[in-house]
Amino acid sequence: MVDMIRDKLDKAWDAHERGENLDALKLCNEVLELDPNSYLAYSYRASVYVGLKNCYKAIDDANKSIEIKPTYYYSYNNRGWAYLELGNYEQALSDFSESIKRVGRRKYPIPYFNRAAAYIELKEYEKAIEDCNKAIEFKPTCAEAYYNRGLAYEKLGEITKSQADFVKAKQLGYNG
């Protein structure tokens, strides 16, 4: 049964990555029927719900995942993403920071470029640039980090730098 759950979770994540959120949602629900304590299924489903613009359900699922496994960094990231979409930038910032704290020494760029997005909304552009630099250090092909850094540079009036980052983000496949 463990292999079947893992397979469904892998398929759910792949579907979500392709933008097939309803398929991903169905697979996450199937996993939760088999294992109601799957922190991964709740966390993945939280990400899917954000993709479906159902941020309150995303927050509920992220909270459930955190309740089951408080050390799982990605659940904090997903909850932060939902708060970011809702315009609750301070809470998003808090959750992205918690995700970064829980990642530890692993080189994981996602909460950094997400926290940068919150910093941009809060007009803290220098902090956004620092976080994007860290994300790019961890993953030089991180298109989202170049895009967010471009936004921060643009807000600071550094047009040459912002344009270079926008071009790089596009070259790396950014289509946000």
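**Group meeting: aromatic pairs in an all-helix model**

Okay, let's start with the rings: searching the whole structure turns up nine aromatic pairs. Keep in mind that this is a predicted model.

Here's one of those pairs. Tyrosine 73 and tyrosine 108 have ring centres 5.0 Å apart and planes at 70°, so we call this one edge-to-face; the cut-off for that label is over 60 degrees. And where do the two partners sit? Tyrosine 73 is in helix H5, residues 73–86, while tyrosine 108 is in the loop between helix H6 (89–103) and helix H7 (110–121). That puts them 35 residues apart, so to speak a link between distant parts of the chain. Buried or exposed, these two tyrosines? Both tyrosine 73 and tyrosine 108 are buried.

Next pair, tyrosine 112 with phenylalanine 138. Again it's edge-to-face, with 5.5 Å from centre to centre and 75° between the planes. Here too the pair links distant parts of the chain: tyrosine 112 belongs to helix H7 and phenylalanine 138 to helix H8, residues 125–138, with their positions 26 residues apart. On burial, tyrosine 112 has a relative accessible area of 14%, and phenylalanine 138 has 19%. The cut-off for buried is under 20%, so tyrosine 112 counts as buried, and so does phenylalanine 138.

Staying with rings for a moment: which residues do the ring pairs link into a cluster? You get Trp13, Tyr39, Tyr44, Tyr72, Tyr73, Tyr74 and Tyr108. You'll recognise Tyr73 and Tyr108 in that cluster; theirs is the 5.0 Å pair I opened with.

Let me zoom out to the fold. The protein has 10 helices and zero strands. Going along the sequence, the pattern reads α-α-α-α-α-α-α-α-α-α. Its radius of gyration is 17 Å, and the globule rule gives 16 Å for 176 residues; those values are close, so the protein is as compact as a globular protein of that length. If you want a box for it, the C-alpha atoms fill roughly 55 × 30 × 30 Å along the principal axes.

Some whole-protein numbers, for those of you who like them. Buried residues account for 49% of the 176. Take the contacts between residues at least 6 apart in sequence, and 49% of them join residues at least 24 apart. The accessible surface is about 9300 Å², with 48% of that belonging to carbon and sulfur atoms. As for charge, there are 26 positive and 27 negative side chains, and the centres of the two sets lie 3 Å apart.

Two single residues before I stop. Pull up aspartate 61, which sits in helix H4, residues 55–68. Its relative accessible area is 6%, so aspartate 61 is buried. What does it touch, leaving aside neighbours within four places in sequence? The contacts of aspartate 61 are Tyr42, Arg45, Ala46 and Tyr49.

The other one is tyrosine 125, in helix H8, the helix that also holds phenylalanine 138. Tyrosine 125 counts as buried as well, at 12% relative accessibility. With neighbours within four places left out again, tyrosine 125 is in contact with Ile120, Ala152, Lys155 and Leu156. And if you go C-alpha to C-alpha, tyrosine 125 and leucine 151 come out 8.6 Å apart in space, with 26 residues separating them in sequence.

That's what I had, thanks.

Terms used: Residues numbered from 1 in each chain as written. Predicted model: local features only at pLDDT ≥ 70, side-chain atom pairs only at ≥ 80, totals over all residues. Heavy atoms only, no water. Helix = DSSP H or I, 4+ residues; strand = E, 2+ residues; numbered from the N terminus. Rg over C-alpha atoms; globule rule 2.2 N^0.38 Å. Buried < 20%, exposed > 50% of the residue type's maximum accessible area, 1.4 Å probe, protein only. Contact = heavy atoms within 4.5 Å. Areas by Shrake-Rupley, 256 points an atom, 1.4 Å probe, with all protein chains shown as cover. Lys, Arg positive; Asp, Glu negative; His and termini not counted. Charge placed at Lys NZ, Arg CZ, Asp CG, Glu CD. Phe/Tyr/Trp six-rings, centres within 6.5 Å; stacked < 30°, edge-to-face > 60°.
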